[in-house]
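Visitor: I am new to this structure and would be grateful for a close look at a single part of it. Please set that part in the context of the whole.

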Amino acid sequence: MSAAQGSGAAGSADGAAGESDGAVVLRTRDADGTRALAQALSGALRPGDLLVLDGPLGAGKTTFTQGLGAGLGVRGPVASPTFVIERVHPSLTGGPDLVHVDAYRLGGEGEIDDLDLEADLDRAVTVVEWGRDRVEHLADSVLLVELERPDRVDDPLDPDEPRTLRLTPRGPRWDGAAIAALEAALAAVAGLDGTADAAAAGDPAAPATTAEGPASARPTTDTAEGER
């Protein structure tokens, strides 16, 4: 992963920092920035991709998935599937569907396998919240997305806290060309300081127009995680 290690996603000139393990690290100032980052990332994804989202409650996993849904042009709204475990959002643009899974209440591999996610893997982009060490056996390649909240903030009541996102591509799917595409996609929203800027990609909170009418990229959610 020399591209990520040497210059990071878009290189130091464009702000996203690479790390020695091949991870790409970016920051966001608020929820819109997290959506913008994910929306940009969607341009580097293809059917069969498995994304594993890891981070504490409220870190922004559902917010991130909302940005992916907007970028992929799927039928919304994208909300946490906590109580239904899995939601399938069909593409409205002829691209891959979005399969959104919440593994928080699931146990080991057996319960994951009962969902039969393999049936959708080849034709969809699959995103699994709380999926670390639970779903990696489903595919030979994975994009791990770790979301971190700051230990301290100026205003604990402000819902738009900054976030740090660490993206680690693993497996044969993420060869040199795929990593280069990932870096280029993230460069579109990464500023000089490595912070994703929603303005650079347009407003991800604005409804996208589809053949079936507006598809909101910023819906309400049905989880304690809320929009973060």
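Guide: The protein contains 7 helices and 11 strands, as seen in a predicted model. Of its 228 residues, 52% are buried. The accessible surface amounts to about 9700 Å², and carbon and sulfur atoms account for 49% of that area. Among contacts between residues at least 6 apart in sequence, 68% join residues at least 24 apart.

The part chosen for a close look is helix α7, formed by residues 176-187. With 12 residues at 1.5 Å a residue, α7 should span 16 Å, and the distance of 16 Å between its end C-alpha atoms therefore agrees with expectation. Within this helix, the residues Ala178, Ile179, Leu182, Glu183, Ala185 and Leu186 are buried. Viewed down the axis of α7, these buried residues fall within an arc of 160°, so they line one face of the helix. The underlying geometry is general: an α-helix has 3.6 residues a turn, so residues three or four places apart point the same way. On the face of α7 turned away from the buried side are the exposed residues Gly176, Ala177 and Ala184.

Further along the chain, alanine 198 occupies the loop between β9 (195-196) and β10 (208-210). Alanine 198 has a relative accessible area of 15%, which is under the 20% cut-off, so this residue counts as buried. Although 170 residues separate alanine 198 from threonine 28 in sequence, their C-alpha atoms are 8.8 Å apart in space.

Technical notes:
Residues are numbered from 1 along each chain as its sequence is written. This is a predicted model: local features need pLDDT of at least 70, side-chain atom pairs count only at pLDDT 80 or more; totals for chains, interfaces and linings use all residues. Side-chain values use heavy atoms; hydrogens and water are left out. Helices (H or I, at least four residues) and strands (E, at least two) are DSSP runs, numbered from the N terminus. The expected span of a helix is 1.5 Å times one less than its number of residues. Buried means under 20% relative accessible area, exposed over 50%, partly exposed in between (1.4 Å probe, protein chains only). The arc is that of the directions from the helix axis to the C-beta atoms. Contact means heavy atoms within 4.5 Å. Accessible areas come from the Shrake-Rupley method with a 1.4 Å probe; for residues, only the protein chains shown count as cover.
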